[in-house]
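Hi there,

Here is the structure I promised to pass on. Have a look at it first, and my notes follow below.

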Amino acid sequence: MTSHVKMHSRRSLLRLIAAVPVLGIQGCASFWPCRKQEILAELPSGLNAVFQPAKINRAVGSPAHVIDVHAHFFNARDVPIRGYLAGPVAHSKGGVVGELLKALAPIAEWIGNTAPRAFDEFNELLTLAGSSSFTVMSEEERFRILDQRREKYLQELSGRLYEQLKAVPEFVRIYNETQGVARSRFRIQGVDASSLNETSLFKAMQRDLQSQAPDVELYGAEEPPPYADGVLAFVGYMLSYRWMNLVAYQRAYSTGDSAFGVDQVFGALVDFDHWLKPLPRTAHEDQIKLHQLLSQLSGGYMRPLVAYNPWSDVLDNGRTLARVLDALDKRGFVGVKIYPPNGFRPFGNTHSPNIPTTPGMPSTTDLDRVLLKLWDECSKRNVPVMAHTGNSMGSDDAHNEAAGPIGWQALITERGSTHPAKVNLGHFGGDSSHDNWNDELARMMATPEGAGLYGDLGYWDELRCRKGLATCAARQKLDKAVKENPVVGQRLMYGSDWLMLSQERRWDRYPFEILAALPDGVNLDAVFSSNAKHCFAALQS
C-alpha cells in the first residue's frame, strides 16, 4: 500500500469521527421527548469489528484467560441521573464524597442533557464500522486516533462542566476542602491535589489516558483521605460516549502496557425506572440496540446483559419481560441484570420484614408474580440473572436490605433443586464488615437448591487492603466463606463493577489486587474464567 493511500485513509477516518464532540453537546430540552424509541433500524450484517483488540497484553502472573463478569458502559442519559447521583451513589459512598455527589443536584439535568444520545452514537458507529478506512489501518493507529478524539472531547467538555460547577458553591467548597486535606497528608514529593479549576478538572477526567505512578505509599500507614477527583472522573465517564468508556476500559485492562489481560467483559444495563425519578432520557429499547452494536463492533470482547425491572413489568402488562427475552433470544445478550436495593427482593416480597414502600409501587404479590415468570423464562434458556447483593446502592439503609439473604433464600426454596435458579450474586454479599451476608450466601451455595448460585467480586474495594493495616477484614471474610463452604471456590467469579469502580484511586490495578487477595488454594483459572463459562452458558456456544 502506498503512503498516499494510507494518508488518504487516515484523513477519511478523521473526517468520519470529527463530529463526535459536536454531537455530544446536543440533547433534549426535557426528559420525556427522548423516552420514545428512536433507533428503529436493525443492525446490518458484515460490520467491521473496529473495537476488537487484536492482541491482549497479559501481565506476568495473570491467568491464561480472564473474563470480567461485572462492568457497565452506560452514560448519564441511560439512568435517572438526578435521583441516581443524589440517591444510591451518594448514599453508598457516604461521608464527604457522598456529600460531594449530592452537591451535583443543581446541575444534574445539565449532565443528563449533555451526555450523548444513543440515537446519535448508534448512527455514528454504523458509519465508522462501514468505513474501509478502519480495515486498512493498523490496530495501533486506529486506537490512537480514537484516543485523540476522546481526549479532545474531554478537553472541550471539561471547560463547559467547569462553568457549570462554578455556579454550585457547595460543590466547590467541599471539593477544595477535601483537596486541602489530601495535600496536607501526601508523603511523596512532587504530588499535588489541586483546587478546582479547568485544568485540574480536565486532568481528573482523563487520568486513564495517562500513565499513573503507584500511589500505595502516598499516605504512609494512614487511611487515604476522601478521593474527590474520583467524583470528577466518574462524572466524566457519565458524560462520555459509551464507546469511549469501552475503549477506556479496554486500554486499562486489556491492551495497555500495564494491563492485567482481560479477554472479555460483560456490560450490564440497569433499569431504575419508577424507583428513581425523573425517568432516564434514553428508551431501554435504544440502550439494548446500542449495546448490541457495541458488542458486535468489539468482536464479542464486550457481551451485554439486559436490565429487568419488575415494577415496569407489572405496569406494562409484560412488555418489559418481552423486551428482555427479545434481547436474550435475538440480540446476543448473555444474561439479565436486576437491582433489588431499588425496592424489591428477587423473590419473597410478601415475607416479613416488609420492604419499604414507594408511592405507586405494585403490590408485593404482583412483584413476586412477575419475578417468578422472569426466573422461569431464564431457567428455560439456561440464562443467569445478575443481581446486586451488596449492602449498598439503595436510597437508604432500609432499601439496602432488599438485596440481602432473605430474598435469595425465598427464591431457592421456591425453585427447589429440580430447577435451581441460576444467579450471579453481584458483589457476593459485599465487603462490608457489619453484616454476614457472605456467610449466608455461601451456605446457600452449598445446598442442592443453591446449585445455580454464583458470585462475583465486583467493587470489593476493602479487599484491596490499601490502608496500611496489619490485617484486612475483607480478606478474612472471603477466607472464612471459602474455608467453611469449599463449593464457593467453584462458583466465585472475577468482576470489577467498572464504571462504578472508576470513582476509586488506581482502579486500573483492581484485578492485580483481587488476584493477590484470593484465599490460598483457590483455583485462579476457575475464578478468572472457567466458573464464568459454567455460569454463562452462552459463552460455550
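**Strand pairing around E6**

Val385 has Val423, in E6, as its bridge partner. Please keep in mind as you read that this is a predicted model. The pairing between strand E5 (residues 385-388) and E6 is parallel and runs over four bridges. E6 also pairs with strand E7 (residues 453-456), again in the parallel sense, over three bridges. In that second pairing, Leu425 has Gly455 of E7 as its bridge partner.

Which residues of strand E6 (residues 423-426) lie on each of its two sides? Val423 and Leu425 are on one side, while Asn424 and Gly426 are on the other. These four residues are all buried, and both faces of the strand are covered.

**Nonpolar cores**

The largest nonpolar core has 149 residues. Within this core, Tyr84, Phe171, Val336 and Phe428 are the residues that touch the most other members. If you want to take one of them as a starting point, try Phe171: leaving aside residues up to four places away in sequence, Phe171 touches Leu100, Ala103, Leu104, Leu165, Leu196, Val231 and Leu232. There is also a second, separate core, made up of 13 residues, and Phe266, Val334, Met493 and Ala532 are among them.

**Salt bridges**

I found 28 salt bridges in the structure, and three of them are described here.

The first joins Arg331 to Glu42, with 2.9 Å between the closest N and O atoms. Why does this pair tie together parts that are 289 residues apart in sequence? Arg331 sits in the loop between helix H15 (319-330) and strand E4 (335-338), and Glu42 sits in the loop between helix H2 (20-23) and strand E1 (67-71), so the salt bridge links two parts with that separation of 289 residues. Arg331 counts as buried because its relative accessibility is 15%, under the cut-off of 20%. Glu42, at 47% relative accessibility, counts as partly exposed.

The second is between Arg173 and Glu170, whose closest N and O atoms are 2.7 Å apart. Both residues belong to helix H9 (residues 169-185), and they are three residues apart, so about one helical turn separates them. Arg173 is partly exposed, with a relative accessible area of 38%, and Glu170 is also partly exposed, at 38% relative accessibility.

The third is formed by Glu377 and Arg381, with the closest N and O atoms 2.7 Å apart. These two residues are four residues apart in helix H16, which is about one turn of the helix. Is Glu377 buried or exposed? Glu377 is buried, since its relative accessible area is 14%. Arg381 counts as partly exposed, at 28% relative accessibility.

Some salt bridges share partners, and in this way Glu42, Lys289, Asp326, Lys330 and Arg331 are joined into one network. Arg331 and Glu42, the pair from the loops described above, are thus both part of that network.

**One more look at Glu377**

Helix H16, where Glu377 is placed, covers residues 364-381. Not counting residues up to four places away in sequence, Glu377 touches Leu321 and Leu325. So if you open the model at this position, you can look at the buried Glu377, its salt bridge with Arg381 and its contacts with Leu321 and Leu325 together.

Happy browsing, and best wishes!

Technical notes:
Residues are numbered from 1 along each chain as its sequence is written. This is a predicted model: local features need pLDDT of at least 70, side-chain atom pairs count only at pLDDT 80 or more; totals for chains, interfaces and linings use all residues. Side-chain values use heavy atoms; hydrogens and water are left out. Buried means under 20% relative accessible area, exposed over 50%, partly exposed in between (1.4 Å probe, protein chains only). Contact means heavy atoms within 4.5 Å. A nonpolar core is a set of buried Ala, Val, Leu, Ile, Met, Phe, Trp, Tyr and Cys residues joined through side-chain atoms within 4.5 Å. Two strands pair if DSSP finds at least two bridges between them. A salt bridge is a side-chain nitrogen of Lys or Arg within 4 Å of a carboxyl oxygen of Asp or Glu.
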